[in-house]
Amino acid sequence: MKKLKRSGRLVDMTYFLLQHPHEVISLTHFSERYQSAKSSISEDLVIVKEIFEGEGYGSLLTISGASGGVKFIPRIHPEQAEEFVNEVIEQLAVPERILPGGYLYMMDLLGSPKFIQRLGQVFASVLANKKIDAVLTVATKGIPLAYAVGQYLNVPVSIVRRDHLVTEGSMVSINYVSGSSKRIQTMTLARRSLAPGSRVFIVDDFMKAGGTIRGMMDLLEEFQAELVGIGVLVESVEVEERLVDEYMSITKLSNVDVRNKTITVEPGSVLELLQKMELEENK
């Protein structure tokens, strides 16, 4: 890259850091990239850090030592997260979303890149201080959300399927009981898609009783993997028995009145978690 003025370095440096979250970037890398002294690079990073943290993009950590440098941690301010969650609630509460059986149509939201990216940022913010090796979801509606979270955490995505694809090689299969229908079903995961001992975050678009997520948790045991957390876009409140205890949700679906075409949606637990994190960091 040709030598750039400070204004050019700041633009390119900002873009580079946004594209490499949770990755240690050495000062030498930036110094060689911009053909500038490390002292100048350090001054540039101070400016970037102030903007990132002031505007709610995340934090820029300085790592000392021979292998040190800087690391960009994507974050979102609790106030911004609250604004987003309220927008989600408003969109989910539209009566036209009601489907037969009391389900909600959500494919327009799951198919919106802007919406999905924001969801990924919210979940990644809660996980900012945790070591994550992979994101796990089940095909098919959870895939867009999983990739958004994976992008902000800079980790791969593993996809659980209900059928065996020849192109994925040997598979690990388990039977699980669906939380809502109480039927025995099968889920599979390619052996090569998840390294043994991985620290995994499970994400899905909707959780009723939690049978599918419980199945994914059992599947992780077959890989000797460690569950770090669970996140869902929508959790249904009206369930007799929840098969999953600890999880975070963006929203809570408390009532779907098919006859009167009304939907009651409330904020999930993710806002409380973000607020708690901010309080602990400001102590």
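Trainee: How are helices α2 and α3 oriented with respect to each other?
Mentor: In this predicted model, the axes of α2 (residues 27-34) and α3 (residues 38-55) come within 9 Å and cross at roughly 105 degrees. Angles of 65 to 115 degrees count as roughly perpendicular. The two helices, α2 and α3, are therefore roughly perpendicular to each other.

Trainee: How do the residues of the contact of α2 with α3 divide into nonpolar, polar and charged?
Mentor: From α2, the contact draws on Leu27, Thr28, Phe30, Ser31 and Tyr34. From α3, Lys38, Ile41, Ser42 and Leu45 take part. By class, the residues of this contact are 5 nonpolar, 3 polar and 1 charged.

Trainee: Is Asp12 of helix α1 buried or exposed?
Mentor: Asp12 belongs to helix α1, residues 6-19. Beyond its neighbours within four places in sequence, Asp12 is in contact with Met1, Leu4, Arg33 and Tyr34. Buried means under 20% relative accessible area. The value for Asp12 is 18%, so this residue is buried.

Trainee: Where around the axis of α4 do its buried residues lie?
Mentor: Helix α4 has 15 residues, 78-92, and spans 21 Å from its first C-alpha to its last, close to the 21 Å expected. Its buried residues are Pro78, Ala81, Phe84, Val85, Val88, Ile89 and Leu92. Because they cover an arc of only 145 degrees around the axis, they lie on the same side of α4.

Trainee: Which exposed residues does the face of α4 turned away from its buried side carry?
Mentor: The buried residues of α4 pack against α5 (107-110), α6 (113-126), β8, β9 (248-257), β10 (262-267) and α9 (270-281). On the face turned away from that buried side, the exposed residues are Glu79, Glu83 and Glu90.

Trainee: With which residues is Ser254 in contact, leaving aside its neighbours within four places in sequence?
Mentor: Ser254 lies in strand β9. Its relative accessibility is 15%, and Ser254 therefore counts as buried. With those sequence neighbours set aside, the contacts of Ser254 are Val237, Glu238, Thr264 and Glu266.

Trainee: What is the omega of the peptide bond from Ala139 to Thr140?
Mentor: Thr140 is placed in the loop between β3 (134-138) and α7 (143-153). The peptide bond that joins Ala139 to Thr140 is cis, and its omega is near 10 degrees.

Trainee: Asn154 is not a glycine; what is its phi?
Mentor: Asn154 sits in the loop between α7 and β4 (157-160). With a relative accessibility of 39%, Asn154 counts as partly exposed. Its phi is positive, at about 60 degrees.

Trainee: Is Gln224 buried or exposed?
Mentor: Gln224 is located in the loop between α8 (211-222) and β8 (226-236). Phi of Gln224 is positive, near 50 degrees, in a residue other than glycine. Exposed means over 50% relative accessible area. With 57%, Gln224 is exposed.

Trainee: What percentage of the contacts with a separation of 6 or more is accounted for by residues 24 or more positions apart?
Mentor: The protein chain comprises 9 helices and 10 strands, and its C-alpha atoms fill a box of roughly 65 × 45 × 35 Å along the principal axes. Of its 283 residues, 46% count as buried. Among contacts with a separation of 6 or more, the share from residues 24 or more positions apart is 61%.

Conventions: Residues numbered from 1 in each chain as written. Predicted model: local features only at pLDDT ≥ 70, side-chain atom pairs only at ≥ 80, totals over all residues. Heavy atoms only, no water. Helix = DSSP H or I, 4+ residues; strand = E, 2+ residues; numbered from the N terminus. Buried < 20%, exposed > 50% of the residue type's maximum accessible area, 1.4 Å probe, protein only. Expected span 1.5 Å × (residues − 1). Arc of directions from axis to C-beta. Contact = heavy atoms within 4.5 Å. Axes fitted to C-alpha atoms, helices over the stretch in contact; angles between N-to-C directions. Parallel < 35°, antiparallel > 145°, perpendicular 65-115°, else oblique. Nonpolar A, V, L, I, M, F, W, Y, C, P; charged D, E, K, R; others polar.
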